[in-house]
Amino acid sequence: MTLKQSHDQPQGWTIIQISDTHLMNQDDLEFVHMNPEQSFHRVMAQIQHEYPHAHALIHTGDLAQVPAPETYQRYPSFMQGTGFAHYQVPGNHDSEEFFPFHDQQNKVHAISMGNWCLVLLNSAVKGKIDGWIGTEQLQQLDLILNQHAEQHILIACHHHPFEMQSRWIDQHILKNTEHLTDVLAKHSNVKLVLCGHVHQASENQWHGIHFLSTPSTCVQFKPHSDDFALDDEAPGYRVVHLKANGEFSTQVHRTQPIQKKINIEITGY
Ligand SMILES: [Zn+2]
């Protein structure tokens, strides 16, 4: 068999993941002694500088700290100004009522991008910090993975499916990971799952699927901590380069800290 290189064959797709912006209802208010709006804008400025031709940006939830309509109005208008195709899944802090879903609430969204398909799941449950993916969504996911069997799949959801070895944050894990992995195990095209929620970078592998978490665009949580603790790492984002053959590479980038002193005294989240 001869492999032919076509001039039209794209080299791949660049996906940016941001997470846990925790935006307030007013852009001049602080969250944990940091202005989340300014920090988010700094991260976005860096993304625009480093990856101006990114094909899509996925926000993996906790878009809002104050889930008010005005918070959710500012985000899409800012993102439209960046020119990036942008998609978002809700987190535990978000409001299902006002969240800018790609299409409908509680529907699995599939966005085709050449040889790849991005799949958006909603793992947030009203009134709960931990996550759960409902039966209806799991059935839709199974169907989508069949329908897109010829494409490589990237899944995004808010909650972490695997333990972070951090007792307090692992109480708030995706509680039905085995239901998700039961569906994933039936398909061979899922390559990676992106999540937020844990405000830190991590990598896990299960059955050849990579599970990646990403820093928050504002405050970070201390890895492997039994109790709630903030970390002094800078805000960040993840870039994923998807190749046409189903391979990918990924890196986490961080900004310079805005303020050295964040309030590490707070005891709850
Ligand atoms: Zn968060």
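What share of the 269 residues of the protein chain counts as buried? In this predicted model, the figure is 40%. The chain is built from five helices and 13 strands. A compact globule of 269 residues would have a radius of gyration near 18 Å, and the value computed for the protein chain, 18 Å, agrees with that. Taken along the principal axes, the box filled by the C-alpha atoms is roughly 65 × 40 × 35 Å. Contacts reach far along the sequence: among those between residues at least 6 apart, 71% join residues at least 24 apart.

A good place to begin a tour is the run of strands E1, E2 and E3. Strand E1 covers residues 13-18 and is joined to E2 by four bridges, the two strands running parallel. Within this pairing, Ile18 has His59 of E2 as its bridge partner. To get from E1 to E2, the chain passes through helix H1, residues 36-50, in a right-handed β-α-β crossover. The next step follows with E2, helix H2 (residues 69-82) and E3, which make a right-handed β-α-β unit. E2 and strand E3, residues 86-88, are also parallel, with three bridges between them. Here the bridge partner of Leu57 is His86 in E3.

Strand E2 itself, residues 56-59, is covered on both faces. Ala56 and Ile58 are buried on one side, while Leu57 and His59 are buried on the other. Two of these residues, Ala56 and Ile58, are touched by Ile15. Leaving aside residues up to four places away in sequence, Ile15 also touches Ala54, His55, Leu154, Val240 and Leu242.

Ile15 leads on to the interior of the protein. The largest nonpolar core holds 49 residues, and those touching the most other members are Ile15, Leu118, Val119, Leu121, Leu154, Ile155 and Ala156. Another core, of eight residues, lies apart from this one and includes Met34, Cys218, Val219 and Phe221.

Further along the chain comes an open sheet of six strands. Strands of a sheet pair through backbone hydrogen bonds, either parallel or antiparallel. In this sheet the pairing is mixed, and the strand order is E4-E5-E6-E7-E9-E8. Strand E4 (109-113) and strand E8 (202-206) form the edges, each pairing on one side only. From one strand to the next, the twist averages 20 degrees. Strand E7, residues 190-195, runs parallel to strand E9, residues 209-213, and four bridges join the two. One residue pair in this arrangement is Leu194 with its bridge partner Leu212 in E9.

A loop residue, Phe162, completes the picture. Phe162 sits in the loop that links strand E6 (152-156) and helix H4 (167-170). There are 18 other C-beta atoms within 10 Å of Phe162, so this residue is classed as partly exposed. Not counting residues up to four places away in sequence, Phe162 touches Thr177, Asn204 and Phe211. Thr21 offers another reference point: Phe162 and Thr21 are separated by 141 residues in sequence and by 22 Å in space, C-alpha to C-alpha.

Note on methods. Residues are numbered from 1 along each chain as its sequence is written. This is a predicted model: local features need pLDDT of at least 70, side-chain atom pairs count only at pLDDT 80 or more; totals for chains, interfaces and linings use all residues. Two strands pair if DSSP finds at least two bridges between them. Axes are lines fitted to C-alpha atoms, for helices over the stretch in contact, and angles run from 0 to 180 degrees between N-to-C directions. A nonpolar core is a set of buried Ala, Val, Leu, Ile, Met, Phe, Trp, Tyr and Cys residues joined through C-beta atoms within 7 Å. A residue is buried if 20 or more other C-beta atoms lie within 10 Å of its own, exposed if 12 or fewer, and partly exposed in between; C-beta atoms are placed from the backbone. Two residues are in contact if their C-beta atoms, placed from the backbone, lie within 7 Å. The radius of gyration is taken over C-alpha atoms; the globule rule is 2.2 Å times the number of residues to the power 0.38. A crossover is right-handed if, with the strands pointing away from the viewer, the path from the first strand over the helix to the second runs clockwise.
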